[in-house]
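Here is a walk through one model, taken a region at a time. Keep the viewer open as you read.

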Amino acid sequence: MNTTLWIVAGILAFLFAAVGLMKVVTPKSKLVDGNMPWAADFSDGAVKGIGAVEVLGAVGLVLPAVLDIAPVLVPVAATGLAITMALAAVVHIRRKEAPAVVVNLVLLALAAFVAWGRFGEYSF
C-alpha cells in the first residue's frame, strides 16, 4: 500500500505541478482561448493564485517525505488539493462543463486517497 500511495502522490504531484505552472506563467487570455475557458470568470491574480496553490500542493505531496522534514505536510497537501478540486468541480458544474467535473472528481478522489493513507495507517 505504501508503494501505491507513493505512485499516486507522484502522479498527482506531476499533474498539479504542470497545470499549476501553466496557470502561473501563461497569460489569462491564452488560457481562456485554450482549454481553460473558466478562467474568464476570474481575475488574472485569482488564476495565478490558483496555479500557485496547485504548485505548492504538488511540492507538498512529495518533498516533505523525500527530505524527511515535516512529513505530516504530505496528507495536509493532499487534503488541500482535494478541497481545491471540490471547489473547481463547483465552478465547472455552474458552467455546465461536465467533462471537467469528471476530471476534478477523479483528482479529488486520488488526493483524498493519499490524505487517507498518509493520515492513517501508512503515515510517515
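## A charged trio

The side chains of Glu 97 and Arg 95 meet in a salt bridge, 2.8 Å from N to O. (A salt bridge here is a side-chain nitrogen of Lys or Arg within 4 Å of a carboxyl oxygen of Asp or Glu.) Asp 41 comes in too: salt bridges with shared partners link Asp 41, Arg 95 and Glu 97 into one network. Glu 97 is buried at 16% relative accessible area, while Arg 95 is partly exposed at 29%. (Buried means under 20% relative accessible area, exposed over 50%, and partly exposed in between, with a 1.4 Å probe and protein chains only.)

A word on the ground rules: this is a predicted model, in which local features need pLDDT of at least 70 and side-chain atom pairs count only at pLDDT 80 or more, while totals for chains, interfaces and linings use all residues. Residues are numbered from 1 along each chain as its sequence is written, and side-chain values use heavy atoms, with hydrogens and water left out.

## The other salt bridges

How many salt bridges does a search of the whole structure find? It turns up four. One of them pairs Lys 23 with Glu 54, whose closest N and O atoms are 2.8 Å apart. Lys 23 sits in helix α1 and Glu 54 in helix α3, so this pair ties together parts that are 31 residues apart in sequence. (Helices are DSSP runs of H or I with at least four residues, numbered from the N terminus.) Are these two partners buried or exposed? Lys 23 counts as buried at 6% relative accessibility, and Glu 54 counts as buried at 3%.

Lys 48 and Asp 44 make another salt bridge, at 4.0 Å from N to O. Both lie in helix α3, four residues apart, or about one turn of the helix. That spacing has a general background: an α-helix has 3.6 residues a turn, so residues three or four places apart point the same way. Lys 48 is partly exposed, with a relative accessible area of 24%, and so is Asp 44, at 39%.

## Helix α4 and its neighbours

Helix α4 covers residues 73-94. At 1.5 Å a residue, its 22 residues should span 32 Å, and its end C-alpha atoms are indeed 32 Å apart. (The expected span is 1.5 Å times one less than the number of residues.) Buried residues in α4 include Val 74, Leu 81, Met 85 and His 92, and the helix packs its buried residues against α1, α3 and α5. After α4 comes Lys 96, with a positive phi near 60 degrees.

Thr 84 is also in α4, and at 16% relative accessibility it counts as buried. Setting aside residues up to four places away in sequence, Thr 84 touches Val 53 and Glu 54. (Contact means heavy atoms within 4.5 Å.) Over in helix α5, Asn 104 counts as buried at 6% relative accessibility. With the same sequence neighbours left out, Asn 104 touches Met 85, Ala 88, Ala 89 and His 92. The C-alpha atoms of Asn 104 and Thr 84 are separated by 9.0 Å, with their positions 20 residues apart along the chain.

## Nonpolar cores

Which residues touch the most other members of the largest nonpolar core? Among its 18 residues, they are Leu 12, Phe 16, Leu 61 and Val 114. (A nonpolar core is a set of buried Ala, Val, Leu, Ile, Met, Phe, Trp, Tyr and Cys residues joined through side-chain atoms within 4.5 Å.) Elements giving two or more residues to this core are α1 (2-25), α3, α4 and α5 (98-119), and α4 supplies the largest share, six residues.

Leaving out neighbours within four places in sequence, Leu 12 is in contact with Leu 61, Leu 107, Leu 110, Ala 111 and Val 114. Apart from this core lies another, of five residues, among them Leu 31, Met 36, Ala 39 and Val 47.

## A nonpolar patch outside

Val 59, Leu 63, Val 66, Leu 67 and Ile 69 form a nonpolar patch on the surface, with about 450 Å² of accessible area together. (Patches are made of residues with over 30% relative accessible area and no salt bridge, with like charges joined within 9 Å and nonpolar side chains, namely Val, Leu, Ile, Met, Phe, Trp and Tyr, within 5 Å; areas come from the Shrake-Rupley method with a 1.4 Å probe, and for residues only the protein chains shown count as cover.) Val 66, in helix α3 (residues 44-67), is exposed, with a relative accessible area of 52%.
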